[in-house]
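Me: I would like to go through this structure with some short questions. Please reason each answer out and finish on what I asked for.

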Amino acid sequence: MAKDQVLTAEQVIDKTRKYLNDEHVELVKKAYEFARHAHREQYRKSGEPYIIHPIQVAGILADLEMDPDTVGAGFLHDVVEDTEVTLDDIRREFNDEVAMLVDGVTKLGKIRYKSHEEQQAENHRKMFVAMAQDIRVILIKLADRLHNMRTLKHLPAEKQRRIANETLEIFAPLAHRLGISKIKWELEDTALRYLNPQQYYRIVNLMKKKRAEREQYLDEVIEIMRSSLADVSINADISGRPKHIYSIYRKMVIQNKQFNEIYDLLAVRIVVNSIKDCYAVLGIIHTCWKPMPGRFKDYIAMPKPNMYQSLHTTVIGPKGDPLEVQIRTSEMHQIAEFGVAAHWAYKEGKSVNEGSSLEEKLTWFREILEFQNETANAEEFMESLKIDLFSDMVFVFTPKGDVLELPAGSVPIDFAYRIHSEIGNKTIGAKVNGKMVTLDYKLKTGDIIEILTSKHSYGPSQDWLKLAQTSQAKNKIRAFFKKQRKEENVEKGREQVEREIRNMEFDLKEILTPDNIKRVAEKFNFANEEDMYAAVGYNGVTALQVANRLTEKWRKKRDLEQVATISDAVSELKPLPTKKKRESGVRVSGIDNLLIRLSRCCSPVPGDDIVGFITKGRGVSVHRSDCTNIDTEDAKARLIPVEWETGLNERKEYNVDIEITGYDRRGLLNEVLQAVNETKTNISTVTGKTDRNKMATISMSILIENVSHLQKVVDRIKQIPDIYAVRRIMN
């Protein structure tokens, strides 16, 4: 992959002969002849015949020892875009795989777009979706971009900068994500040369001035290492590691350092035979020279997302200068240089993706298809990729010790949604390393994350979209709010209600009559059937609540039978004085004039699914069906069906306790109180506190009429900036 060498077609084909059989070499030769004929009258900006470019692309792929279809597609990658050849022609002359690979790298040149940016984004989207189906697509595209960068000098300055910037934004990070360092470094160094030539040549000159001195120093160090390793009979290949210009530039800019302050200009790479030898060499190096604190990294025990493995340590060398040492096996070195291509390298008689754990190691690629389905346009899709696939990564642990990788800058919300959507939606807080943190805490490598959830949480707030860093989390948060839209939830709600009715062993045709549905919708204060099913779809009411109302006439028979079976318990109940008015708004099915009260532990309100508990001497205590206080075998023996009274003339209000958490800032409590007031809701009590992490917790008791009223209050509070979660409290 020498930069300046221009390969001939014969040289490329000779490269393939070293690892392909005769039949496959013939396919590669046929692809070259086909491409040469298709491009026969075309020339590049440099004045050279166009076919030179596909030859170099195929040569780069042959250096990676790719399979015959991929090398052939390297020759053919521009014929559909730039000539009259069609994909059907490719498919007919070669095979479906070659056609698929060529299609993956072919631009969408025949579609008109509003802007160049939109067109580029759409081209990239097409390429990445094809890549998610077959990674070889991006290997061809990287080879194509690498040769284009080598010949960038023939283009106008403005186009040079645009292509160089795109290379730094998209292709170099992708080469890094795929672990192909040989391509990554060259793309970055060449891009810097055109984007910031002054700094590029300054660093080149500074490196030249100290080169002789550095080489002499490295020779001394390597000799000491060879002698020390020979003493313990460890065979190793030791060499100086060249520092790349772009990485020096990044450290000078990001860390605000001068050239002579950069530690790892001096570096040694040691390649050994086994993992055991890697750690043995590490011990010897630390015996020879004192290691610098905080500069040791074990990428063997914990590989990078791009499968890179190596031991890194920085020691104080013989002359007191920092010296970086990398230690790895031969296989690790191959993967470090060629990345995913090392796994896809052609092997005689073996499929390119057979027998490898590559699919497991690159599961993040499959997320591309998820992004494709959930993003509205190509530009949003590319932003998702830049955030999730191209950013630096952090490694964090679940409480069970499982490792998750997330983009740098991720917060607990990203972690929660990576575990599961429902965990994300029910999140009310997080602990990092055993301590409570705010939901905007930036996760660091090594953090142990515990997500706190509540089944009574009302889901994410709009503010979470600003906090979340990963597209996965943002898409799932958007999906949550999307589910609350009526049009998309009617069908979902209807299916849930019908399933609950079937679970009760009732006949759907008998229950779901127009009159019965209309009656229940009115009981829930819904204008029509669709409003009721939509509310079920976005969890405004549960399917079980609606199913209970729809089946109440049929259930009364069962209820009466249940009442008869607990007649002994009922005999303990005290009837109400005939003139005393029942104020609970609840009645026991089939029995009048009983003392009924609402339990304070779960504070049920109209619309909640409820059940009665027969107390000893204090009548019936009404609980929500999910109340933990009645979830015992003893309690279940004393449960009795109850229902909310309907048709009451007076307006009743019920006390509900809610807890609101968010980032503490000036005026937050006032905004919450104002939001509740806007819903025409009375507040009984309100308290607030703030912890050392600036997490505010507001506890509030409010008077509401039913669950729809409560949902309205919750939705309004969640619209307030910096509010993270709202949940109903069970005392």
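Me: Where in the chain is Asn433 placed?
Reply: The model is a predicted one. In it, β8 is followed by a loop that leads to β9, and Asn433 belongs to that stretch. Its place is the loop between β8 and β9.

Me: Is Asn433 buried, partly exposed or exposed?
Reply: Buried would need a relative accessible area under 20%, and exposed would need over 50%. Asn433 has 45% relative accessibility, so Asn433 counts as partly exposed.

Me: What is the phi of Asn433?
Reply: Asn433 is not a glycine, yet its phi is positive. The value is about 55°.

Me: Which residue of β9 is the bridge partner of Val432?
Reply: Strand β8 covers residues 427-432 and is joined to β9 by three bridges. The two strands run antiparallel. The partner of Val432 in β9 is Lys435.

Me: Which strands are at the edges of the open sheet of β9, β8 and β10?
Reply: The three strands are ordered β9-β8-β10, with antiparallel pairing. An edge strand here pairs on one side only. That applies to β9 (435-437) and β10 (449-453).

Me: By what angle are neighbouring strands of this sheet turned against each other on average?
Reply: The sheet in question has the order β9-β8-β10. With direction ignored, the average turn between neighbouring strands is 35°.

Me: At about what angle does helix α21 run to β10?
Reply: Helix α21 spans residues 412-419. This helix lies across β8, β9 and β10. Its angle to β10 is about 80°.

Me: Is Thr661 buried or exposed?
Reply: Thr661 is part of strand β17, residues 654-663. The cut-off for buried is under 20% relative accessible area. Thr661 has 8%, so Thr661 is buried.

Me: Which residues is Thr661 in contact with, leaving aside its neighbours within four places in sequence?
Reply: One of the contacts of Thr661 is Ile428, and β8 is the strand of residues 427-432. The full set is Ile428, Met695, Ala696, Thr697, Ile723, Tyr724 and Ala725.

Me: Which residue in β19 is the bridge partner of Val686?
Reply: Strand β18 (residues 682-690) and strand β19 (residues 695-704) run antiparallel and are joined by eight bridges. Within this pairing, the partner of Val686 is Met700.

Me: Which residue in the hairpin of β18 and β19 takes a positive phi near 65°?
Reply: The hairpin has four residues between its strands. The residue with this phi is Lys694.

Me: Which residues form a nonpolar patch on the surface with about 200 Å² of accessible area together?
Reply: One member of the patch sits in helix α33, residues 668-678. That residue has a relative accessible area of 39% and so is partly exposed. The patch is made of Leu669, Ile683 and Val686.

Me: Is Ser603 buried or exposed?
Reply: Ser603 lies in the loop between β12 (596-598) and β13 (610-614). Its phi is near 45°, which is positive although Ser603 is a residue other than glycine. With 12% relative accessibility, a value under the 20% limit, Ser603 counts as buried.

Me: Why do β12 and β15 each have one side without a neighbour in the sheet?
Reply: The open sheet has four strands in the order β12-β14-β13-β15, and its pairing is mixed. β12 and β15 (639-640) stand at the edges, so each has a single partner strand.

Me: Which residue in β14 does Gly612 stand opposite?
Reply: β13 pairs with strand β14 (residues 620-624) over five bridges, in the antiparallel sense. Opposite Gly612 in β14 stands Val622.

Me: What separates the C-alpha atoms of Asp63 and Thr16?
Reply: Asp63 lies in helix α3, residues 52-63. Asp63 is partly exposed, with a relative accessible area of 22%. Along the chain, Asp63 and Thr16 are 47 residues apart. Their C-alpha atoms are separated by 8.4 Å.

Me: What percentage of the residues of the protein count as buried?
Reply: The protein has 34 helices and 20 strands. Its residues number 731. The share that counts as buried is 51%.

Terms used
Residues are numbered from 1 along each chain as its sequence is written. This is a predicted model: local features need pLDDT of at least 70, side-chain atom pairs count only at pLDDT 80 or more; totals for chains, interfaces and linings use all residues. Side-chain values use heavy atoms; hydrogens and water are left out. Patches are made of residues with over 30% relative accessible area and no salt bridge: like charges are joined within 9 Å, nonpolar side chains (Val, Leu, Ile, Met, Phe, Trp, Tyr) within 5 Å. Accessible areas come from the Shrake-Rupley method with a 1.4 Å probe; for residues, only the protein chains shown count as cover. A salt bridge is a side-chain nitrogen of Lys or Arg within 4 Å of a carboxyl oxygen of Asp or Glu. Buried means under 20% relative accessible area, exposed over 50%, partly exposed in between (1.4 Å probe, protein chains only). Two strands pair if DSSP finds at least two bridges between them. Axes are lines fitted to C-alpha atoms, for helices over the stretch in contact, and angles run from 0 to 180 degrees between N-to-C directions. Contact means heavy atoms within 4.5 Å.
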